[in-house]
Structure formats: C-alpha cells, structure tokens
Amino acid sequence: MAFADKDLLKLLDMKIFVDTDSDIRLVRRLRRDISERGREIDGVIKQYNKFVKPAFDQYIQPTMRVADIVVPRGSGNTVAIDLIVQHVHSQLEERKLRWDMAALASAHQCHPLPKTLSVLKNTPQVRGMHTIIRNKETSRDEFIFYSKRLMRLLIEHALSLLPFQSCTVQTPQGEDYEGCTYSGKQITGVSILRAGETMEPALRAVCKDVRIGTILIQTNRYTGEPELHYLRLPKDISEDHVILMDCTVSTGAAAMMAVRVLLDHDVLEDKIFLLSLLMAEMGVHSVAYAFPQVKIITTAVDKKVNDLFRIIPGIGNFGDRYFGTDAPPNWSDEEDTLDS
C-alpha cells in the first residue's frame, strides 16, 4: 500500500514490487495461520477468498506499474535480491546513514499518552511497593511478595473497567439492593510466557473458574521478527473478555504479536485488556498505535528506553528476579518473551 500514496512515492529512492504466484501466497498463508496461529483451514480459506485476494487485486496489484524494479518468484529470486542488497549497501555507505536506535526509542516522546491507557493510582502504598521491587538490593522473597501484591491490585483495577449492568437482589432481611453484575459472557486470562504466568494466581484469586491460556513468543535471531513458538488457548474465546498478561512491556513487540494471535482467534479488539506491572512509553504508544481499541492497564509507565531497549529506570529482568535465574549480559526487559 506504500505505492498508493503519491506524496510518499516522491520520497522513495527505489521502489520494489516483489511478485509471487497467487498459489504460493495462499500456501504460505495456510501454513502460517494453521501452524503458527492455530487457525482452522476452512477459516483461513474463507478469509482469503472474502478479504485478502479481493483486496490484493483491487489495491496491491495495480501499484506494480509504479515500481522501479519488479522481482518475480519472490524470495526464490536470489540474483535479484543480491543486486538490490548490493545497491542498498552502496547507498548507505555513500550517505553514511546509520540506524539510530536511541532516536527511535525517543520518537514517541512528543505525543500524549493514549486514552486507552489506564494507570493504577499512584498512592503511597503503590509507590512504596514499586520502591521495593525496583531496588536492586531487594531479596528474592521480598521481590516476589510485593510483586504479587501489585499484581493483585492491578487485576482488581482491570476488572473494574469491564462492562457492568444494573441488577436488583434481595438481602437476607428481605429488602431489595440495587447493585450491578458483569455484563459480558466470560473472562479468560492469557499469559505471555515466561513472566506473564506469574500473574495467573492473582487472576485466579479474584475470578472464580477463570480459564487460562498461554502464549510463547520468541524473536527469530536471523530475521529479527517475533515468532509464535507455543500456543494453548481455551476453546470458544471469541466472545470473551481476554486479560492478556505480561509483567513488563518495553517495545511492545511481544504484546502486539500476542494481540494479533487473539484477533486471529476472532477475539474482538475492544475486548482485549493488556495488563503489565511496568511499561515503557514506547511500548504503550506502539501497542496503542497498532491496536487502538485494546485497553492498556499498568501500575506505572517509565518514560525512557535506552539503546538496548531496556526500560529506564526500570525494574530489571523480571523473570530472572522472580524465578531466581541469572540474566545474561545483554538481557532486555522483554527477554522473558523475546530472545534478543
């Protein structure tokens, strides 16, 4: 769709259209959605015929005419790819361009926090618990104890944002009481492994008979893209409110991948609640930009992320501090989920 914007076309130095046979595109989609996203073949084909192929024919295919280079056979055309790579490398060397990760991390700072973000009120109690778990001298036992307390408060705060409806009950004294009750179908929790599973007991403690699913996402060391490695979701969650849990969110990459998985299982975007003990502004903005209807709920938001994408001042590697394992020298705040 980049070629559809005339103003954007003027900014592009080289326009490349990678053309792949339609049968191969369908096979790739089937393989990805079935093996990596846990979808059924009938649903994938239905989505492809109803939305994907018509959209390609109407919007994508016509933009081929504005491309400087059309690469047939997709990634199998290694000769064309090598030539393009050589050209890009020569241009980068000539212009002395470098990928400034620090600038990327601070690019969001001029924007206000999204309205979909809800932060637990920073009471002296909450700030005191943050002081304890952020302190590098805190013992593991105390770290676990106060983390669990914060998790419980976070879960309770998130549940207060669920939809409710008025109802009337009769008290033991025979009097009516005007109250309210949850108006949704069901609540399901989904933890992003490994750190996210530490929040499951807090959810179970306040939601009777809640169903729990798990997602494991790791980064491909060669492509840098997040990949789904394990998925276990309860059946029929499309109408549920889903509490998506991860203890820290730095860039938001793992959270966004998890949200995409839930959407692929027909969960409505506005029924997804992303919960995290600590988030960076960068992660908040990334998730909110990609999924503007997802509710983002946390106990604190730190402003900075350094050039290694660690939250500053941060909390350290939550999984290692909680489980008592040693963090590698190049750990990141999302390393419990994403191998950097």
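Let's start with D33, which is buried, with a relative accessible area of just 1%. Keep in mind as we go that this is a predicted model. What does the D33 side chain meet in a salt bridge? Its partner is R39, at 3.6 Å from N to O. R39 counts as buried too, because its relative accessibility is 13% and the cut-off for buried is under 20%.

Why can such side chains pair at all? Side chains of opposite charge can do this when their charged atoms come close. A search of the whole structure turns up 13 salt bridges, so let's look at a couple more of them. D209 pairs with K208, with the closest N and O atoms 3.1 Å apart. Here D209 is exposed at 62% relative accessible area, and K208 is exposed as well, at 74%. Back at our starting point, salt bridges with shared partners tie R29, R32, D33 and R39 into one network.

Now hop over to helix α3 (residues 41–60), where D57 and K53 sit four residues apart, about one turn of the helix. An α-helix has 3.6 residues a turn, so residues three or four places apart point the same way. D57 and K53 form a salt bridge, with their closest N and O atoms 3.0 Å apart. Both are partly exposed: D57 at 41% and K53 at 33%.

Next up is strand β9 (residues 241–245). How many of its five residues are buried? Five of the five are. In a regular strand the side chains alternate between the two faces of the sheet. In β9, H241, I243 and M245 lie on one side and V242 and L244 on the other, and both faces are covered. This strand has neighbours to pair with, too. Strand β6 (residues 187–193) runs parallel to β9 over five bridges, with S191 standing opposite M245. Strand β11 (residues 272–276) is also parallel to β9, joined by four bridges, and I272 in β11 is the bridge partner of V242.

For a helix with plenty of buried residues to find, try α7 (residues 140–159), which has 20 residues and reaches 28 Å from its first C-alpha to its last. Its buried residues include F143, Y146, L150 and L154.

What about nonpolar side chains out on the surface? L8, L11 and L12 form a nonpolar patch there, with about 260 Å² of accessible area together. L11 lies in the loop between α1 and β1, and it counts as exposed because its relative accessibility is 65%.

Finally, zoom out: the chain has eleven helices and 16 strands, and 41% of its 340 residues count as buried.

How values were computed:
Residues are numbered from 1 along each chain as its sequence is written. This is a predicted model: local features need pLDDT of at least 70, side-chain atom pairs count only at pLDDT 80 or more; totals for chains, interfaces and linings use all residues. Side-chain values use heavy atoms; hydrogens and water are left out. Buried means under 20% relative accessible area, exposed over 50%, partly exposed in between (1.4 Å probe, protein chains only). Helices (H or I, at least four residues) and strands (E, at least two) are DSSP runs, numbered from the N terminus. Two strands pair if DSSP finds at least two bridges between them. The expected span of a helix is 1.5 Å times one less than its number of residues. Patches are made of residues with over 30% relative accessible area and no salt bridge: like charges are joined within 9 Å, nonpolar side chains (Val, Leu, Ile, Met, Phe, Trp, Tyr) within 5 Å. Accessible areas come from the Shrake-Rupley method with a 1.4 Å probe; for residues, only the protein chains shown count as cover. A salt bridge is a side-chain nitrogen of Lys or Arg within 4 Å of a carboxyl oxygen of Asp or Glu.
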